[in-house]
Amino acid sequence: MLDRRKFILTTSLAATGAALNLRSLAAPIAAPAPSSQLPIIISTWDFGVAANQAAWKVLSTGGRALDAVEAGARVPEADPNNHSVGAAGYPDRDGHVTLDACIMDEKGNCGGVAGMEYIDHPISVARMVMEKTPHVLLVGDGATQFAVANGFTKKQLLTPDSEKAWKEWLKTSKYQPEMNIENKHFTPVPNKMPGNQYNHDTIGMLAVDAAGNISGACTTSGMAFKLHGRVGDSPIIGAGLFVDNEVGGATSTGVGEEVIRNVGSFLVVELMRQGMKPEDACREAVNRIVKKKPEIAKTIQVGFLAINKKGEYGAYALQKGFSYAVCNAQKQDLIIKGKSIY
Ligand code: SD4
């Protein structure tokens, strides 16, 4: 694994991005990972770097992709400075921190929780829903009850920082699901890597293990200051995440309503099934949204990240600012910065 501080230094010095292969999402990203380079893990946003490191410990020792994505997703869920995923997530407009997550394995098994309060690792509860129940999705109080019955401890999730941001928001109470709204309320943490200076959105993770099996995970606190009860794309199989072991996997970030309306991650996987490369499939899914609603396309963010069976990966986002992290034996801690479609 590259030393993290060294990586930051190298990144800042490498103005052209060549040293670490930084490329624009607007320009095609060549599929870089032949199957011999498996295992591999990719994750949305800069905070995917730390998540990938935890996942890599599983993958690099021959572990299963499912275990890798769960281990990785737990990292931002536990980060007290991350206000868009997990325990320190911003609350809804009534002050409730409600978490959404889902997970899917190589056999097509899947599980999720939505609008779950008081439990700090929704991804692990989602996995229990998958493995211990005949159901796919548990919501609200039922999800919390299920988690407690399975050994999770109830906690107050609203942190002082999140409460402060919420109270500030209450002064205007204007709900506009703006792009990367979390950044506006974020105080940079000294001595943290750049990825932790921002609090972008959902983490979606996709891993292909050494056996060639794919799994994915997606976890979020959803849109900050949302209507109580609102559920986005992230816990919805086919919208925020989809994996098909014959083809590949996809995950999304951004305004979940648009992703649900277009069944985004399922669409990306189906486009890859028809022969598209991951980035092309992501671009087509973004274009589908723009085509239907050109009027909102300049004001919201939606991004997709995808991987195929060979470990080729790609992403595309509507607005600039989207990034993702890649980790395999050759490219550890790589962050690829994206540009706007516009
Ligand atoms: C949602 N897609 O709840 C998530 C949140 C997100 O940028 O990714 N925001 O709609």
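Is Cys327 buried or exposed? Cys327 is buried, and its relative accessible area is 0%. The model described here is predicted.

## The ligand site

Twelve names would be many to learn at once, so take the shell in two parts. One part runs through Asp201, Thr202, Thr220, Gly222, Met223 and Arg230, which are among the residues around the ligand. The list also includes Gly232, Asp233, Ser234, Thr253, Gly254 and Gly256.By class, the shell around the ligand has one nonpolar residue, eight polar and three charged.

## Contacts and cover

Which atoms of the protein approach the ligand's nitrogen atoms? In the side chain of Asp233, an N or O atom is 2.6 Å from a ligand nitrogen atom. Gly254 offers a backbone N or O atom, 2.7 Å from a nitrogen atom of the ligand. Gly256 also uses its backbone: an N or O atom there lies 2.9 Å from an oxygen atom of the ligand. The ligand taken alone exposes 290 Å², and the protein buries 98% of that.

The ligand also fills a notable space. The space it takes is the largest cavity.

## The cysteines

How many disulfides does the structure hold? The number is zero. Cys110 shows why: its sulfur is 7.7 Å from the closest cysteine sulfur, in Cys102, and that is too far for a bond. A disulfide needs the two sulfur atoms within 2.5 Å.

Cys110 is buried, with a relative accessible area of 15%. Cys327 is buried too, at 0%.

Definitions and conventions: Residues numbered from 1 in each chain as written. Predicted model: local features only at pLDDT ≥ 70, side-chain atom pairs only at ≥ 80, totals over all residues. Heavy atoms only, no water. Near = heavy atom within 4 Å. Polar contact = N/O pair within 3.5 Å; in protein donor to acceptor, adjacent residues only side chain to side chain. Areas by Shrake-Rupley, 256 points an atom, 1.4 Å probe, with all protein chains shown as cover. 1 Å grid on protein atoms, 1.4 Å probe; cavity = no way out; pocket = protein on both sides within 12 Å on 5 of 7 lines; lining within 4 Å. Sits in = over half its atoms within 2 Å of the grid points. Nonpolar A, V, L, I, M, F, W, Y, C, P; charged D, E, K, R; others polar. Buried < 20%, exposed > 50% of the residue type's maximum accessible area, 1.4 Å probe, protein only.
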